[in-house]
Structures are given as C-alpha cells and as structure tokens.
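Subject: Structure for you to look at

Hello,

I am passing on a structure for you to go through. Please open it first, then read the notes below it.

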Amino acid sequence: MLEPLLFAMFSGVAIGCALGVVFHKNSVHCALLLVGVLLSLAGIFILLHAQFVAALQVIVYAGAIMVLFLFVVMLLNVKGEVPLLTPGAAKGFGFFFALLILVELLWTVLSPGGQEGAPSEAVGLPRDFGSPAALGRLLYTTWLYPFEITSILLLVAVVGAVVLAKRKFF
Amino acid sequence: MIGLQTVPLLWYQILAAVLFTIGVVGVLVRRSALIIFMSIELMLNAVNLSLIAFSRQHGDMDGHIIVFFVMAVAAAEVSVGLAILVAIFRNRETANVDDVHLLKG
C-alpha cells in the first residue's frame with residue numbers, strides 16, 4: 001500500500017520542481033529545483049528496485065553535475081538581461097510543438113501496442129536485482145567494450161573542457 | 001524472488017512522458033543557454049526513468065546499464081557544454097542564445 005503513496009509523492013514533487021526549472025526567473029533557483037527533480041527521481045528508482053542507479057543519480061547527477069551547473073551560474077553572473085521566455089511568435093510555436101510531443105508520447109504509451117512485448121505483470125526479481133554486484137557483473141562481461149569506450153569519452157570531455165575554458169584560444 | 005509491483009508500468013511511462021515534455025518546453029521557450037542545458041538534463045532523466053521502469057517490468061538489468069551510460073554521456077556533455085558557454089560569455093558577454101548568431105550571415 002505504501003508504494004502508490006510514495007510514487008504519488010515523488011512524482012508530484014518531480015513534476016512541480018520540473019515546472020519550476022522551466023519557468024523560474026532566477027537561474028540559481030532553477031538549478032536547485034533541478035536538484036529536487038533529480039532527488040525525487042532517485043526515490044522513484046528505489047521504488048523500481050534500482051538501488052545502485054538511485055545512488056549514482058544522487059552522487060553523479062545531484063552531486064557532481066549540479067555543482068558544475070551552480071558554479072557556472074555564479075561564474076557567469078547573468079543579470080536578468082535574458083528575457084524569461086522567447087519573444088514573439090516563437091513562444092507560441094514552442095508551446096504548440098511541446099503539446100504535440102506530449103500528445104504523441106501519451107498516444108504511444110497508452111495505445112494498445114505501446115506496452116507490447118512487456119510482461120503485463122511485473123515479473124518476480126532475483127534477490128540481487130539492482131545491486132552493485134549484479135550491475136558490475138554485467139558491466140564487466142556483456143558490456144565491457146561500451147564501458148571502456150565510455151572511459152575514453154570522459155577523458156576526451158575532460159581535455160575538451162580544459163581546452164575550451166583556456167583563455168588564450170579565444 | 002522479491003517485491004511484486006503495485007504501481008503499473010503505465011504510470012511510470014506517463015510520468016516520464018510528462019517530464020520529457022516539460023524539458024522540451026524549457027528548450028523551446030527559454031532563451032538562457034543555462035536553462036536550456038538544465039532542460040536537456042530533465043529530458044535525459046525522463047528517458048532514464050522510462051528505461052528503469054521497463055527494466056523492472058522485464059526483470060532484466062540491461063536497462064540499468066544503459067542508464068549508467070546515459071549518465072556518463074550526460075556528464076561529458078555538461079562539462080564540455082558549460083565550457084563552451086563560459087567561452088561564449090567571455091567573448092560576447094551574453095548567455096542569451098538569440099544573441100549568438102555569427103553564422104546567420
């Protein structure tokens with residue numbers, strides 16, 4: 001009985017904070033509201049028995065990435081010369097296409113074919129589902145090459161960020 | 001064997017769809033490059049939620065692995081993107097994406 005209650009709570013907080021991210025004036029508040037979204041999603045991940053991913057979500061997203069965001073927000077110190085919403089007709093088009101995407105996504109999810117292939121009842125899970133051990137085992141066997149490529153990607157990102165932020169190139 | 005699920009998969013998918021749409025709204029109607037970045041993170045997270053929910057439904061952990069990779073790519077994307085943003089701000093004193101139109105001719 002607890003699960004629907006927690007789901008309602010976390011999803012309510014997530015949607016509320018997400019709306020705040022998009023429509024709040026102050027960039028710092030936007031970043032903090034995004035932390036709210038990420039934390040409530042971590043809660044939902046735990047409901048889905050993905051404990052390790054939830055921990056990663058808190059540490060990597062809510063921790064590392066958001067700190068980076070906050071640093072840049074404070075570094076740039078943009079003083080409200082950016083209008084809140086894009087001016088003119090582009091705003092109407094933006095909302096229209098977003099509505100179109102929502103309708104399309106809900107159509108896909110709700111249509112009879114949307115859940116095709118997925119078991120109608122959630123299957124029982126092995127005891128170690130979502131544990132670091134199970135994830136690590138998959139990561140270092142089936143997904144070894146993608147994992148190694150990811151490490152190269154991160155290295156390239158580090159070098160790229162340093163080069164871009166260096167003053168003398170620009 | 002653990003935990004039978006009481007919240008159906010559909011609800012998680014609907015939540016993911018709504019969060020993704022809010023992210024799309026952010027990208028389309030805000031002009032601050034920082035907020036656009038945050039909205040992109042929002043969309044990535046919505047997709048992550050969808051993957052985790054399907055993973056739970058199938059009892060298969062491959063979805064968790066994909067989420068792991070999405071997080072790694074998001075971290076790389078954010079670090080490079082924010083570095084670009086800092087470079088743009090240093091040169092043009094703006095974070096408004098409409099003011100960056102050098103290629104417009």
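A residue counts as buried when its relative accessible area is under 20%, as exposed when that area is over 50%, and as partly exposed in between. Please also keep in mind that this is a predicted model.

**A residue after a helix**

Is His49 of chain A buried or exposed? His49(A) has a relative accessible area of 18%, which is under 20%, so it is buried. It is found in the loop between H2 and helix H3 (51-76) of chain A. Its phi is near 60 degrees, which is a positive value in a residue other than glycine. Most residues other than glycine have a negative phi. Along the chain, His49(A) follows helix H2(A).

**Helix H2 of chain A**

This helix covers residues 27-47 of chain A, 21 residues in total. From its first C-alpha to its last it reaches 31 Å, close to the 30 Å expected at 1.5 Å a residue. At the start of H2(A), Asn26(A) places a side-chain oxygen within 2.9 Å of the backbone nitrogen of Val28(A).

How many of the 21 residues of H2(A) are buried? The count is 15, so the rest of the structure largely encloses this helix.

Leu38(A) is a residue to look at in helix H2 of chain A. Its relative accessibility is 2%, so it counts as buried. Which residues is Leu38(A) in contact with, leaving aside its neighbours within four places in sequence? In chain A they are Gln57(A), Tyr61(A), Ala62(A) and Met66(A), and from chain B there is Asn45(B). Tyr61(A) is 23 residues from Leu38(A) along the chain, but their C-alpha atoms are separated by 7.1 Å.

**Chain A as a whole**

Chain A has 6 helices and 0 strands. Its pattern along the sequence therefore reads α-α-α-α-α-α, with each α standing for a helix. The chain has 170 residues, and 35% of them count as buried. Take the contacts in chain A between residues at least 6 apart in sequence: 54% of these join residues at least 24 apart.

**Where the two chains meet**

The contact between the chains takes 89 residues from chain A and 78 residues from chain B. The size of an interface is often given as the accessible area lost when the parts come together. Here the area buried between chain B and chain A is about 7600 Å², and carbon and sulfur atoms give 79% of it.

Which helices of chain B each supply at least two residues of the side that touches chain A? They are helix H1 (9-29), helix H2 (33-58) and helix H3 (62-92). H3(B) gives the largest share of that side, with 25 residues. Sorted by type, the residues on the side of chain B that touches chain A are 51 nonpolar, 18 polar and 9 charged.

How many salt bridges does the rule find across the interface of chain B and chain A? It finds 0. For polar contacts across the interface, it finds 6 residue pairs, with both residues at pLDDT 80 or more.

**The salt bridges**

Over all chains, the structure holds 2 salt bridges.

One of them is in chain A, where Arg137(A) pairs with Asp128(A) and the closest N and O atoms are 3.7 Å apart. Asp128(A) has a relative accessible area of 31%, so it is partly exposed.

In chain B, the side chains of Asp98(B) and Arg31(B) meet in a salt bridge at 3.5 Å, N to O. This pair links distant parts of the chain, with the two positions 67 residues apart in sequence numbering. Asp98(B) is in the segment after H3 of chain B, and Arg31(B) is in the loop between H1 and H2 of that chain. Arg31(B) is buried, with a relative accessible area of 12%, whereas Asp98(B) is partly exposed at 37%.

**A neighbour of Asp98(B)**

Asn96(B) also lies in the segment after H3 of chain B. It is buried, with a relative accessible area of 8%. A polar atom of its side chain lies 2.9 Å from the backbone nitrogen of Asp98(B).

Regards

Note on methods: Residues numbered from 1 in each chain as written. Chains lettered and ligands numbered in written order. Predicted model: local features only at pLDDT ≥ 70, side-chain atom pairs only at ≥ 80, totals over all residues. Heavy atoms only, no water. Helix = DSSP H or I, 4+ residues; strand = E, 2+ residues; numbered from the N terminus. Expected span 1.5 Å × (residues − 1). Buried < 20%, exposed > 50% of the residue type's maximum accessible area, 1.4 Å probe, protein only. Polar contact = N/O pair within 3.5 Å; in protein donor to acceptor, adjacent residues only side chain to side chain. Contact = heavy atoms within 4.5 Å. Buried area = accessible area lost by both parts, 1.4 Å probe. Salt bridge = Lys/Arg side-chain N within 4 Å of Asp/Glu carboxyl O. Nonpolar A, V, L, I, M, F, W, Y, C, P; charged D, E, K, R; others polar.
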